[in-house]
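Biologist: Could you take a close look at one part of this model for me? I'd like to hear how its strands line up and what its charged side chains are up to.

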Amino acid sequence: MNTAISCALALALAATPAHADGFLHHLVDELGQRLDSIEAARGPTLVPPVPVAVAWRPQKLAPSLDLDAPLLALAAGDLDGDGRAELYAVTAREVIALSVTGARVRELGRVALAGELAAHRPRDPVGAAVVAERSDVHSKYLIASSSQFARPFAVSWRGKALVADPTGAPGIALCADALAQLAPGRDYFGDGATASYGTRCRDDLVTSDGHPLHLRATLSTAGKLEVAAQRCEAGGTSCAHAADFTYTHVGIGFELVDLDRDGTPEVVYAGAGAPGEPDELRVVSFGADEHKTKLRKSFGAGGVAAIAAGDLERKGPVIVAAVRLSGSTRVDLWRMN
C-alpha cells in the first residue's frame, strides 16, 4: 500500500474512540486491499534499456550434440533461478537442458516426455518450446510441445532433476497464450490462406522510452514471416497496434530479441532452403529493410533447425543457432555474438 496513505490511516485509527475501533479496522483492511489491487494492476515500472555494443563473432560451440532424435525446437530461459539462462532443446520424446559458457556447451539434464499420444501424428514430428512464468510464485518454466503427444508439457526443475508433466488442453503451445492444432497428418497449422509453420512471441521487451513492447511473429507455409508489434502504456494495462513488417524466404528457425538493448528488437531467421541444403542466418532490425542485415552467416549442408536467444552468461542476450548434421541426429550449436 502507498506509504503516505498507510500512515494517515494509522493516525486516524489511533485517534478513534474505542467503540468505533472494530469498524475502522475493517475499513482500513478493505481500503488497503483495494489499493494493493490498484497498484498490482498498474504493473511494474519499466526502465528503458541501456544500449550496449554487440560484437558479431559467429563461433561453433563444442562438442556437437547427439540428441538421439531430430531437434524440434530450442528456447532459452532461467528455469532454475540462478540468474543465468539455460538452453532447452525439445525433440519428439525428450527435453534436454544445456549450459553455454564461452565456446563450450554442457548437458545439465534431460527428461523423457510421457503421456497420452496424439490421435493424429505427422510423418515428420513438429514441436515448440515456450518459456513462461508462474505469476503466483514468480518462477519460470518451459512449455514443451511434441506432435507425438496430445498435450504440451510443463517442464521445470525439481531439486536437481528436470521433470515434465502433461498440462493444459490438447494441441501445440506456440506462445504462452496461444494453443494451436496441426492440420490432420500435416506438419503445419490451419489450412488455406491461414496455414503456418508456427508462431513466436516476446512480451518482455521494452521500448527506448520505457513502454512494454509485445511482438508476435508467424511463419506462413509460403515462407513469409509476419511480425506484429503492440506498444503498451507504461503500466502495461493498455496496448495498441504499433506496426507490421513482413520478411520473405524465411525457414523454420526464427527468433525475436533486443540484442543491443536500444529499444528496437532484432528479427533473427534462417533461410527457406530444403533440409540438407546450405543455409544462411540473418539478423535484421525490426522495421528495417530485410536486405540491410546486421549479420549474415552461411552454413554448409544440413540447415538451421532452430534459433534461440537468452542471457546465457549474465552478460546480456546471446543468439544460438542449432545446425543439423546431415544424415544424423547430431547438431552443431553456433553462437552469433
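Modeller: Sure, but a ground rule comes first: two strands count as paired if DSSP finds at least two bridges between them. Also keep in mind that this is a predicted model. The mean pLDDT of the chain is 88, with 86% of the residues at 70 or more. Two stretches drop below 50: residues 8-13, which have seven contacts beyond near neighbours in sequence, and residues 38-43, which have eight of that kind.

Now for the part I'd zoom in on. With that pairing rule in hand, β15 (residues 225-232) and β16 run antiparallel and are joined by eight bridges. You can pick out individual partners here: Leu225 sits opposite Tyr247 of β16, and Arg231 has Ala240 in β16 as its bridge partner. On to the pairing of β15 with β14 (residues 212-220), which is antiparallel too and runs over seven bridges. Arg216 faces Ala228 of β15 there. Four residues lie between the strands of the β14 and β15 hairpin, where Gly223 takes a positive phi near 80 degrees.

Zoom out a little and these strands belong to an open, antiparallel sheet of four, ordered β13-β14-β15-β16. Its edges are β13 (196-206) and β16 (239-247), each of which pairs on one side only. From one strand to the next, the twist averages 15 degrees. If you're tracing side chains, remember that in a regular strand they alternate between the two faces of the sheet.

Let's follow the edge strand β13 outwards. In the loop between β12 (178-180) and β13 you'll find Asp187. Its relative accessibility is 32%, so Asp187 counts as partly exposed. Leaving out residues up to four places away in sequence, Asp187 touches Pro122, Asp124, Val126, Leu182 and Tyr197. Asp187 and Arg123 are 64 residues apart in sequence, yet their C-alpha atoms are 7.8 Å apart in space.

Then there's the charge side of your request. Side chains of opposite charge can pair when their charged atoms come close. The one I'd look at here is the salt bridge of Glu255 with Arg200, whose closest N and O atoms are 3.4 Å apart. Glu255 is in β17 (residues 250-257) and Arg200 is in β13, so this pair ties together parts that are 55 residues apart in sequence. The cut-off for buried is under 20% relative accessible area. Glu255 is buried because its value is 4%, and Arg200 is buried because its value is 16%.

Elsewhere, salt bridges with shared partners link Asp68, Glu94, Glu107 and Arg110 into one network. Within it, the side chains of Glu107 and Arg110 meet at 2.9 Å, N to O. Glu107 is partly exposed at 41%, and so is Arg110 at 29%. Asp165 and Arg158 also form a salt bridge, at 3.5 Å, N to O. Asp165 is partly exposed at 36%, whereas Arg158 counts as exposed at 55%. The model has 16 salt bridges by this rule, the rule being a side-chain nitrogen of Lys or Arg within 4 Å of a carboxyl oxygen of Asp or Glu.

Conventions
Residues numbered from 1 in each chain as written. Heavy atoms only, no water. Helix = DSSP H or I, 4+ residues; strand = E, 2+ residues; numbered from the N terminus. Axes fitted to C-alpha atoms, helices over the stretch in contact; angles between N-to-C directions. pLDDT = per-residue confidence, 0-100. Contact = heavy atoms within 4.5 Å. Buried < 20%, exposed > 50% of the residue type's maximum accessible area, 1.4 Å probe, protein only.
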